[in-house]
Amino acid sequence: MPRGLTPRQPSRSGRHDKVAQSPQRTKGRTAKAAPILKKVAKVAAPIAASKAAPKKPAGKPAAASRKGYNPLAPERVNEILNRLDQRYPGATCALHHNSAWELLVATILSAQCTDVRVNMVTPVLFQKYPTVEAFAALEPEELEPDIRSTGFFRNKSKSVVGAARKLLSDFGGQVPRTMDELLQIPGVARKTANVVLGTWFKIADGVVVDTHVQRITRRLELTKNEDPQKIEQDLMKVIPRNKWIVFAHQIILHGRALCIARKPKCADCPLENLCHAADKTWSTVEIHKSAKP
Ligand code: SF4
């Protein structure tokens, strides 16, 4: 097209649209159209802005969308806790027991073993040896056949018999109710002590960190640590103390039901849109490479 013949585009201001119309007609129409135009402008502005925005590089988490993201923000942590409450109301320890001593023994036996297996072994065990004294009178080798199916039975036998003897010698035959005392018992580390304190005595002295808690709290970016003791310290800082006991039980249930080690069932997970785990199987939110078990 020759130069100068290019049809003029209407100006953005609409100034030229009015040229051919009578001033009165235009005035009336403009007045009528004003509210509609206002609405259109409201809707169109963000769309135009988003179109104008530079595209994010494909495949990389956008720095902009992570800016200001704090996985430990109280609002986020509270939302996680609320959703766990809804999904796992009344969560508690799955190990069957009738006393602090039975719970202590069951927890020692549960290392590297399922609670289901332990619950099959303990009823027979406590019928055969009904008191702390009965266990203390045994040699570890005598106990081994009764707990063989829980695995690591030699070490566990030593721990259980040693624990019974320690209770009789130092604690009047009773399971103590402080962390310091519990840690003096053979076979008892912080995890076992926290289970007994929290579940039996309802004392929140720490957070139980087992393999599920370790894996899931890392996926949820509540900790970056791998060492259970450091993870526990991190969790104690971000989770309110009145939630320490139930939180661990809920996470353990979650780890068994949905957030399993391999192929977590993210599409069914109530925490899905709060979770940026690197090994998610389905996601509606961006993935954080560092959020891994
Ligand atoms: S979304 Fe997936 S990885 Fe994240 S907590 Fe749920 S099940 Fe686990």
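**Exercise 1.** Which side chain meets that of Lys 128 in a salt bridge, and what is the N to O distance?

*Solution.* The model is a predicted one.
Step 1. Lys 128 pairs with Asp 146, at 2.9 Å from N to O.
Step 2. Lys 128 belongs to helix H5 and Asp 146 to helix H7 (residues 140-147), so the contact ties together parts 18 residues apart in sequence.
Step 3. Lys 128 has a relative accessible area of 49% and is partly exposed; Asp 146, at 21%, is also partly exposed, the cut-off for buried being under 20%.

**Exercise 2.** Identify the salt-bridge partner of Glu 139 and place both residues in the secondary structure.

*Solution.*
Step 1. The partner is Arg 165, with 3.5 Å between the closest N and O atoms.
Step 2. Arg 165 is in helix H8 (residues 153-170), while Glu 139 is in the loop between helix H6 (132-136) and H7; the pair therefore ties together parts 26 residues apart in sequence.

**Exercise 3.** Describe the surroundings of the ligand, and decide whether Lys 280 and Glu 272 are buried or exposed.

*Solution.*
Step 1. The ligand sits in the largest cavity.
Step 2. Its shell holds five nonpolar, one polar and three charged residues, among them Lys 280 and Glu 272.
Step 3. The side chains of Lys 280 and Glu 272 form a salt bridge of 2.7 Å, N to O.
Step 4. Lys 280 has a relative accessible area of 13% and is buried; Glu 272, at 8%, is buried too.

**Exercise 4.** Which helix gives the most residues to the lining of the largest pocket?

*Solution.*
Step 1. The lining has 24 residues, and helices H5, H10, H11 and H13 each supply at least two.
Step 2. H13 gives the most, with four residues.

Notes: Residues numbered from 1 in each chain as written. Predicted model: local features only at pLDDT ≥ 70, side-chain atom pairs only at ≥ 80, totals over all residues. Heavy atoms only, no water. Near = heavy atom within 4 Å. 1 Å grid on protein atoms, 1.4 Å probe; cavity = no way out; pocket = protein on both sides within 12 Å on 5 of 7 lines; lining within 4 Å. Sits in = over half its atoms within 2 Å of the grid points. Nonpolar A, V, L, I, M, F, W, Y, C, P; charged D, E, K, R; others polar. Salt bridge = Lys/Arg side-chain N within 4 Å of Asp/Glu carboxyl O. Buried < 20%, exposed > 50% of the residue type's maximum accessible area, 1.4 Å probe, protein only.
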